[in-house]
Structures are given as C-alpha cells and as structure tokens.
Amino acid sequence: MEKIYLDVPTAHRAYAERHGAVLDREDGRYFVVEEVPAELYSYLPKEPRHRNYVDEAKEQCTVCGAAMEIRERRRDSMVFYRCASCLNAAWT
C-alpha cells in the first residue's frame, strides 16, 4: 500500500476528505492510497520550476529595442554590449 501525499489547502480539507483523502496524523498532510481520484488530481505536488532569470534577461538597445550582444574588444579584451541591428551603437 503506497501512500500518495497531496498538497491540500486548509480551506479545501472537507472537499478532499469527501473524495477519499485521509489525514496523516504524524505528518499533518493528506494522502490517498494506491490510486488518486480524478477530483484530487489538482492537489498532487508539482515539481518546482527552476529558471535562471539572470541568464534569460537580455539587454535591449535603447535606440531600436533589439537584443544586445556581448562582444569583446580585440586589442584589450574589454567586454561591451553591441546592438545587432544598429551596428554603430555600443555601450560599455
């Protein structure tokens, strides 16, 4: 008998109990045994989303709004942003 734990909010406890969820007294969480009823699918724990928002953030050109690209100057290896559309625009 496998216990499948559910994330049931306090306000929904009566609904969960009506559809077969049981409170684990030791753990304080609700669970069902073996098969989850369709009415309780929304209470199954979801995997946390792992996003790196820093990597997703893109600098935008102040002139045209296009994405900026990071470039490296050849003579001294200084890193700067350059607009792919406005070839003359560069910011450090």
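**Close-up views of a predicted model**

**View 1. Pairing of strands β1, β2 and β3.** In β3, Val33 is the bridge partner of Lys3, and this bridge belongs to the antiparallel pairing of strand β1 (residues 3–6) with strand β3 (residues 30–33), which runs over four bridges. As throughout these views, the coordinates come from a predicted model, in which local features are described where pLDDT is at least 70. Strand β2 (residues 22–23) also pairs with β3 in the antiparallel sense, here over two bridges, and the partner in β3 of Val22 is Phe31. Together the three strands make an open sheet with antiparallel pairing, in the order β1-β3-β2. Because β1 and β2 stand at the edges and each has a single partner strand, one side of each is left without a neighbour in the sheet.

**View 2. The hairpin of β2 and β3, and the surroundings of Asp24.** Six residues lie between the strands in the hairpin of β2 and β3, and Gly28 in this hairpin takes a positive phi near 80°. Asp24 is placed in the loop between β2 and β3. Is Asp24 buried or exposed? With a relative accessible area of 11%, Asp24 falls under the 20% limit and is therefore buried. The side chain of Asp24 is joined to that of Tyr5 by a polar contact of 2.8 Å. When neighbours within four places in sequence are left aside, the residues in contact with Asp24 are Lys3, Tyr5, Arg29 and Phe31; of these, Phe31 is also the bridge partner of Val22.

**View 3. The salt bridge between Lys3 and Asp24.** The structure holds five salt bridges, and one of them is formed by Lys3 with Asp24, the closest N and O atoms being 3.6 Å apart. This pair links distant parts of the chain, since Lys3 is in strand β1 and Asp24 is in the loop between β2 and β3, 21 residues apart. The two partners also differ in accessibility class: Lys3 is partly exposed, with a relative accessible area of 41%, whereas Asp24 is buried at 11%.

**View 4. A network of salt bridges on strands β4 and β5.** Which residues are linked with Glu69 in a network of salt bridges? They are Arg71 and Arg82. In the salt bridge of Arg71 with Glu69, the closest N and O atoms are 3.5 Å apart, while in that of Arg82 with Glu69 the corresponding separation is 3.3 Å. Arg82 lies in strand β5 and Glu69 in strand β4, so this second pair ties together parts that are 13 residues apart in sequence. Arg71 counts as partly exposed, at 37% relative accessibility, and Glu69 is likewise partly exposed, at 29%.

**View 5. A nonpolar surface patch that includes Ile70.** Ile70, Val79 and Tyr81 make a nonpolar surface patch of about 280 Å². Ile70 is placed in strand β4. The relative accessibility of Ile70 is 57%, which is over the 50% limit and therefore counts as exposed.

**View 6. Positive phi values at Glu34 and Ser77.** Most residues other than glycine have a negative phi. Against that background, Glu34 has a positive phi near 70°, and Ser77 has a positive phi near 60°. Where is each residue placed? Glu34 is in the loop between β3 and α2, and Ser77 is in the loop between β4 and β5 (79–83). Their accessibilities fall in separate classes, for Glu34 counts as exposed at 52%, whereas Ser77 counts as partly exposed at 43%.

**View 7. Gly65 and its approach to Ser85.** Gly65 is placed in the loop between α2 (53–56) and β4 (68–72), and, at 38% relative accessibility, Gly65 counts as partly exposed. Although Gly65 and Ser85 are 20 residues apart along the chain, their C-alpha atoms are separated by 9.1 Å.

How values were computed: Residues numbered from 1 in each chain as written. Heavy atoms only, no water. Pairing = 2+ DSSP bridges. Buried < 20%, exposed > 50% of the residue type's maximum accessible area, 1.4 Å probe, protein only. Polar contact = N/O pair within 3.5 Å; in protein donor to acceptor, adjacent residues only side chain to side chain. Contact = heavy atoms within 4.5 Å. Patch = residues over 30% accessible without salt bridge, like charges linked within 9 Å, V, L, I, M, F, W, Y side chains within 5 Å. Areas by Shrake-Rupley, 256 points an atom, 1.4 Å probe, with all protein chains shown as cover. Salt bridge = Lys/Arg side-chain N within 4 Å of Asp/Glu carboxyl O.
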